[in-house]
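Ready for some practice in reading a protein model? Grab a pencil, take a look at the picture, and work through the exercises below at your own pace.

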Amino acid sequence: MNCEVCHLKELEVEHFEIREVLRCILHTIVFHRALGLIRPRDIDLELFEITYVQCGDIDVEKKIDEKIEQFISWVEKHPNKKSQICLSFYEVKSKQPSWFTNKIERLYWEQWYINLNVSQHPKAHPGKSHHSKAVLDPGESATEERSVRRATLEASLREVLFQIIKFVNEKKDHVPPIAEGVIYFPYEVTIPSSSDSAFGMDMIKRMLQTGHPTMLS
């Protein structure tokens, strides 16, 4: 089965920005892959001048938030590490039972990799500022640095949103037929496990394992 993969641009974020950034990206992807009747809801980000759209489904919002909280807990245990979150869409197919599988299997048809570099402290961006000052006290310097970094992240987040829209508009042939009455394709969000190497193995296991469909697992 043809599985399209999209690697989104890496974003450098601070710990307190993770929640908003991930909500924006995950909900944008789910919204663009939603089917049937939904009640779109515009969400204004608090940290950035960006508005995104949610599907207006309380259960989806709750489950995405749960995954984000799990990811934040992982980040706290693995500071200063680059990390990746995978949002996968799949079909559920019946399969003949064998020694290795159950009767149900997941056939992945699209995967989105969200790449974050979580920094504990804002980094300097020499040469980014257009205003040079002969004398700049540490407080002003830190404020200007944070402002530049925030503007850079906001621009990068906009790029990621455009990347999502471009992908969904261009990649359509792999999308499975729509079943009547279905509002969402089954999907799951996978976060890193206890070690970086385990994340890759976890993804492989998930693609090999079978199980009953759930909105998010």
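Here are five short exercises on this predicted model, each with a worked solution.

**Exercise 1. Getting an overview**

Task: Find how many helices and strands the chain has, and in what order they run.

Solution:
- Step 1: Start by counting, which gives four helices and seven strands.
- Step 2: Now walk along the chain from the N terminus, and you will meet the order β-β-α-β-β-α-β-β-α-β-α.
- Step 3: Look at how the chain is covered: it has 217 residues, and 39% of them count as buried.
- Step 4: Turn to the contacts with a separation of 6 or more, where residues 24 or more positions apart account for 76%.
- Step 5: Finish with the outside, where the accessible surface comes to about 12600 Å² and carbon and sulfur atoms hold 54% of that.

**Exercise 2. A helix under cover**

Task: Work out how far helix H1 reaches, and how many of its residues are buried.

Solution:
- Step 1: Helix H1 covers residues 18–32, which makes 15 residues.
- Step 2: From first C-alpha to last, H1 reaches 21 Å, close to the 21 Å expected at 1.5 Å a residue.
- Step 3: Next, check the cover: eleven of the 15 residues are buried, so H1 is mostly covered.
- Step 4: Among the buried residues of H1 are Ile18, Val21, Leu22, Cys24 and Ile25.
- Step 5: Keep a general rule in mind while you look: an α-helix has 3.6 residues a turn, so residues three or four places apart point the same way.

**Exercise 3. Two tyrosines**

Task: Describe the ring pair of tyrosine 90 and tyrosine 108, and say which strands it ties together.

Solution:
- Step 1: The structure holds six aromatic pairs.
- Step 2: In one of them, tyrosine 90 and tyrosine 108 sit 5.7 Å apart, centre to centre, with 55° between the planes, and the pair is tilted.
- Step 3: Tyrosine 90 belongs to strand E5 (residues 82–94) and tyrosine 108 to strand E6 (residues 104–119), so the pair ties together parts 18 residues apart in sequence.
- Step 4: Tyrosine 90 is buried because its relative accessible area is 0%, under the 20% cut-off.
- Step 5: Tyrosine 108 is buried too, at 6%.

**Exercise 4. A strand meets a helix**

Task: Decide whether the pair of tryptophan 112 and phenylalanine 167 is stacked, tilted or edge-to-face.

Solution:
- Step 1: The ring centres of tryptophan 112 and phenylalanine 167 lie 4.7 Å apart, with 65° between the planes.
- Step 2: An angle over 60 degrees counts as edge-to-face, so that is the label for this pair.
- Step 3: Tryptophan 112 is in strand E6 and phenylalanine 167 in helix H3 (residues 138–170), so parts 55 residues apart in sequence are tied together.
- Step 4: Both rings belong to buried residues: tryptophan 112 has 0% relative accessibility, and phenylalanine 167 has 9%.
- Step 5: Elsewhere, ring pairs link Phe89, Trp109, Phe185 and Tyr187 into a cluster.

**Exercise 5. Distant in sequence**

Task: Find how far apart tyrosine 113 and threonine 190 are in space, and which backbone oxygen lies 3.5 Å from the side chain of lysine 67.

Solution:
- Step 1: Tyrosine 113 is in strand E6 and counts as buried at 13% relative accessibility.
- Step 2: Tyrosine 113 and threonine 190 are 77 residues apart in sequence, and their C-alpha atoms are 9.6 Å apart in space.
- Step 3: Move to lysine 67, in helix H2 (residues 58–77), which is buried at 11% relative accessibility.
- Step 4: The backbone oxygen is that of valine 189, 3.5 Å from a polar atom of the lysine 67 side chain.

Notes:
Residues are numbered from 1 along each chain as its sequence is written. This is a predicted model: local features need pLDDT of at least 70, side-chain atom pairs count only at pLDDT 80 or more; totals for chains, interfaces and linings use all residues. Side-chain values use heavy atoms; hydrogens and water are left out. Rings of Phe, Tyr and Trp (its six-membered ring) pair if their centres lie within 6.5 Å; planes under 30 degrees apart count as stacked, over 60 as edge-to-face and the rest as tilted. Buried means under 20% relative accessible area, exposed over 50%, partly exposed in between (1.4 Å probe, protein chains only). Contact means heavy atoms within 4.5 Å. Accessible areas come from the Shrake-Rupley method with a 1.4 Å probe; for residues, only the protein chains shown count as cover. The expected span of a helix is 1.5 Å times one less than its number of residues. A polar contact is a pair of N or O atoms within 3.5 Å; within protein, one must be able to donate a hydrogen and the other to accept it, and residues adjacent in sequence count only if both atoms are side-chain atoms.
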